Amino acid sequence: MIDRIENEIETLKLQLIEHPLYKMMKSKEDIKVFMEHHIYAVWDFMSLVKKLQLDLTTTTLPWIPNKMPFAGRLINEIVWGEETDINKDGVAMSHFEMYLQAMDQVGAEMNPIKEFLNGIEKSESIESHINSVDLPLFLKNFLLFTFSVIESNKTHVVAAVFSFGREDLIPDMFIEMVKTINNEPDLDLSHLIYYLERHIEVDAGEHGPMALKMIEELCGKDPVKWEEVLEASKTALRHRIALWDGIASLILKPVTN
């Protein structure tokens, strides 16, 4: 079934891998625009990860053995790498915090994402908070889809969006980005390049294959679950394409005085 899903989403994956956005980032300002919007996808990815950890491991007391130890092991390893990795300077931190470091290095505006996070606890729900903040519609739709998946409480669907809509794509997309960014010798992008190369190393070599095994264990031989995985994966990819389209349109937007 994994092969069937990968075949059916191949066209959407290619749209992302070959998206013109990567080659559009030719200046510091272009990179700043990208990072200021992509940071929200870096952030909401962690909610997908933590939802899987809540569903697949024991996070309550008293502790009892997990019913799916293989999937639990996979997600614990992924959480360990995403939430407490080592940055460029050997300091333990999440990939989200690494990304903030990279934003700071290039002079990207970080106040919006910080204010967004500070406002979460004051809102009635994450959906109302997303709708209330000043973000482009394509970005709001991206975030709202993520949390609708999380709140579906269908672990296999969450895993599908995590695996096929996010984790499985990161190496291919970021390889294209690194190629473009490395052609900018006048910019100090060492933190961003480290972040990207770290994702390429970890996701292609470890997390991606692990995530696919997790999908197989969660769905087993249930045809309904496999169909839901397929549809959720397609929808996640379409939202990712819309995110890339939206960021590309902002980079192309002429500056007005």
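In the predicted model, Glu 228 is partly exposed, with a relative accessible area of 25%, a value that lies between the limits of under 20% for buried and over 50% for exposed residues. Glu 228 forms a salt bridge with Lys 154, in which the closest N and O atoms are 2.9 Å apart. This pair links distant parts of the chain, since Glu 228 belongs to helix H13 whereas Lys 154 lies in the loop between helix H9 (137–151) and H10, 74 residues apart. Lys 154 likewise counts as partly exposed, at 35% relative accessibility.

A network of salt bridges that share partners joins Arg 4, Glu 8, Glu 227 and Lys 234. Within this network, the side chains of Arg 4 and Glu 227 meet in a salt bridge with an N to O distance of 2.6 Å. The two residues are separated by 223 positions in the chain, Arg 4 being located in helix H1 (residues 2–8) and Glu 227 in helix H13 (residues 223–252), and the pair thus links distant parts of the chain. Both partners fall into the intermediate class of accessibility: Arg 4 is partly exposed, with a relative accessible area of 32%, and Glu 227 counts as partly exposed at 33%.

A salt bridge between buried partners is provided by the side chains of Arg 166 and Asp 44, which meet at 2.6 Å, N to O. Because Arg 166 lies in helix H10 (residues 155–167) and Asp 44 in helix H4 (residues 28–56), the pair ties together parts that are 122 residues apart in sequence. Arg 166 and Asp 44 are both buried. The bridges described here are among the 10 salt bridges found by a search of the whole structure.

Aromatic contacts were examined in the same manner, and six aromatic pairs were found in the whole structure. The rings of Tyr 40 and Phe 116 have their centres 5.4 Å apart and their planes at 85 degrees, so this pair is edge-to-face, the angle being above the limit of 60 degrees for that class. Tyr 40 is part of helix H4 and Phe 116 of helix H7, so the pair ties together parts that are 76 residues apart in sequence. Tyr 40 and Phe 116 are both buried. A second pair is made by Tyr 99 and Tyr 195, whose ring centres are 5.0 Å apart and whose planes stand at 80 degrees, so that it too is edge-to-face. This pair links distant parts of the chain, with Tyr 99 in helix H6 (residues 95–106) and Tyr 195 in helix H12 (residues 190–219), 96 residues apart. Tyr 99 is buried, with a relative accessible area of 0%, as is Tyr 195, with a relative accessible area of 4%. Beyond individual pairs, ring pairs link Tyr 40, Trp 43, Phe 116 and Phe 147 into a cluster.

Tyr 40 is also among the residues touched by Ile 113, which, when residues up to four places away in sequence are not counted, contacts Ile 39, Tyr 40, Phe 96 and Leu 100. Ile 113 is found in helix H7 (residues 111–118) and is buried, with a relative accessible area of 3%. Although Ile 113 and His 37 are 76 residues apart in sequence, their C-alpha atoms are 8.8 Å apart in space.

In helix H2 (residues 10–17), the buried residues are Leu 12, Lys 13, Leu 16 and Ile 17. Viewed down the axis of H2, these buried residues fall within an arc of 140 degrees, so they line one face of the helix. An α-helix has 3.6 residues a turn, so residues three or four places apart point the same way.

At the level of the whole protein, 13 helices and two strands are present. A compact globule with 257 residues would have a radius of gyration near 18 Å, and the value for the protein, 18 Å, agrees with this expectation. Along its principal axes, the C-alpha trace spans about 60 × 40 × 40 Å. Buried residues make up 52% of the 257 residues, and the accessible surface comes to about 12,500 Å², of which 53% belongs to carbon and sulfur atoms. Of the contacts with a separation of 6 or more, 74% are accounted for by residues 24 or more positions apart.

How values were computed
Residues numbered from 1 in each chain as written. Predicted model: local features only at pLDDT ≥ 70, side-chain atom pairs only at ≥ 80, totals over all residues. Heavy atoms only, no water. Buried < 20%, exposed > 50% of the residue type's maximum accessible area, 1.4 Å probe, protein only. Helix = DSSP H or I, 4+ residues; strand = E, 2+ residues; numbered from the N terminus. Arc of directions from axis to C-beta. Contact = heavy atoms within 4.5 Å. Salt bridge = Lys/Arg side-chain N within 4 Å of Asp/Glu carboxyl O. Rg over C-alpha atoms; globule rule 2.2 N^0.38 Å. Areas by Shrake-Rupley, 256 points an atom, 1.4 Å probe, with all protein chains shown as cover. Phe/Tyr/Trp six-rings, centres within 6.5 Å; stacked < 30°, edge-to-face > 60°.
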